[in-house]
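I opened this entry to keep track of what I looked up, one item at a time.

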Amino acid sequence: MIPEQIYVYDHLDFDSPESLFKWITTQMRTKKRVTSSSHLTEDFLSREKMGNTIIDAGVALPHVKASYITSNTAIIFRLDHPIIWHSGEQITIVIALMVGEVDLFSDRFIAKLADESVLARIKDVALAAGEIREFLEKEEIR
């Protein structure tokens, strides 16, 4: 099992990391994965100011750990057009990780992302979003 919930989106475009974070916040609220009083967008931005979240060329891993996150969630975006990240780099893959309670999921999920073959699968534009999700579900992240 990987996270309690994982979402994969293809063909979305954002003009900035901030607009992406606002979209994530809206989706997380709609899906009731955060409390209504959450400050998810602001927390993503604060985390970005603490240090670079780029894990590979064109790939960013913004992440937030907060008590208002009610269900651990990963959202993978494969963007049609790059956005300029806070570091000035062009990003086409965003893997947003939101963790409420510390559990083995976050450590193991991040460890899986360090595997070049897993990251290559996520970057493979020939694979549909559902295929990426299915692949990740088959990976042993427990």
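**Rings, cores and one histidine**

I started with charges over rings and found Arg121 over the face of Phe135, at 4.4 Å from the ring centre. The model is a predicted one, and I read side-chain atom pairs only at pLDDT 80 or more.

Next I looked up the nonpolar cores. The largest has 24 residues, and Leu20, Ile24, Leu40, Phe44, Phe77, Trp85 and Met98 have the most contacts inside it. I then asked which elements each supply at least two residues of this core. They are helix 1 (17-30), helix 2 (40-50), strand 5 (73-84) and strand 6 (90-99). Another core, of 21 residues, lies apart from it. Phe135, the ring under Arg121, is among the residues of that other core, as are Val8, Phe105 and Ile132. I noted the general tendency of nonpolar side chains in soluble globular proteins to be buried together.

I took Trp85 from the largest core and listed what it touches beyond four places in sequence. The list is Pro17, Leu20, Phe21, Glu48, Thr53, Ile54, Ala60, Pro62, Ile91 and Val94.

I went on to aromatic pairs, of which the structure holds 8. The pair of Phe14 and Trp23 is edge-to-face, with 5.9 Å between the centres and 70 degrees between the planes. Are its two members buried or exposed? Phe14 is buried at a relative accessible area of 12%, while Trp23 is partly exposed at 24%.

The pair of Phe21 and Phe44 is stacked, at 4.6 Å centre to centre and 10 degrees between the planes. Phe21 belongs to helix 1 and Phe44 to helix 2, so this pair ties together parts that are 23 residues apart in sequence. Phe21 is buried, with a relative accessible area of 0%, and for Phe44 I read a buried residue at 0%. I also traced a cluster in which ring pairs link Tyr7, Tyr9, Phe14, Trp23 and Phe77.

Last, I checked His11, which I placed in the loop between strand 1 (5-10) and helix 1. Its relative accessible area is 59%; the cut-off for exposed is over 50%, so I entered His11 as exposed. Which residues is His11 in contact with, leaving aside neighbours within four places in sequence? I found Arg78 and Asp80. A polar contact of 2.8 Å joins the side chains of His11 and Asp80. From C-alpha to C-alpha these two are 5.1 Å apart in space, and they are 69 residues apart in sequence.

Note on methods
Residues numbered from 1 in each chain as written. Heavy atoms only, no water. Core = buried A, V, L, I, M, F, W, Y, C linked by side-chain atoms within 4.5 Å. Buried < 20%, exposed > 50% of the residue type's maximum accessible area, 1.4 Å probe, protein only. Helix = DSSP H or I, 4+ residues; strand = E, 2+ residues; numbered from the N terminus. Contact = heavy atoms within 4.5 Å. Polar contact = N/O pair within 3.5 Å; in protein donor to acceptor, adjacent residues only side chain to side chain. Phe/Tyr/Trp six-rings, centres within 6.5 Å; stacked < 30°, edge-to-face > 60°. Lys NZ or Arg CZ within 6 Å of the ring centre and 35° of its normal.
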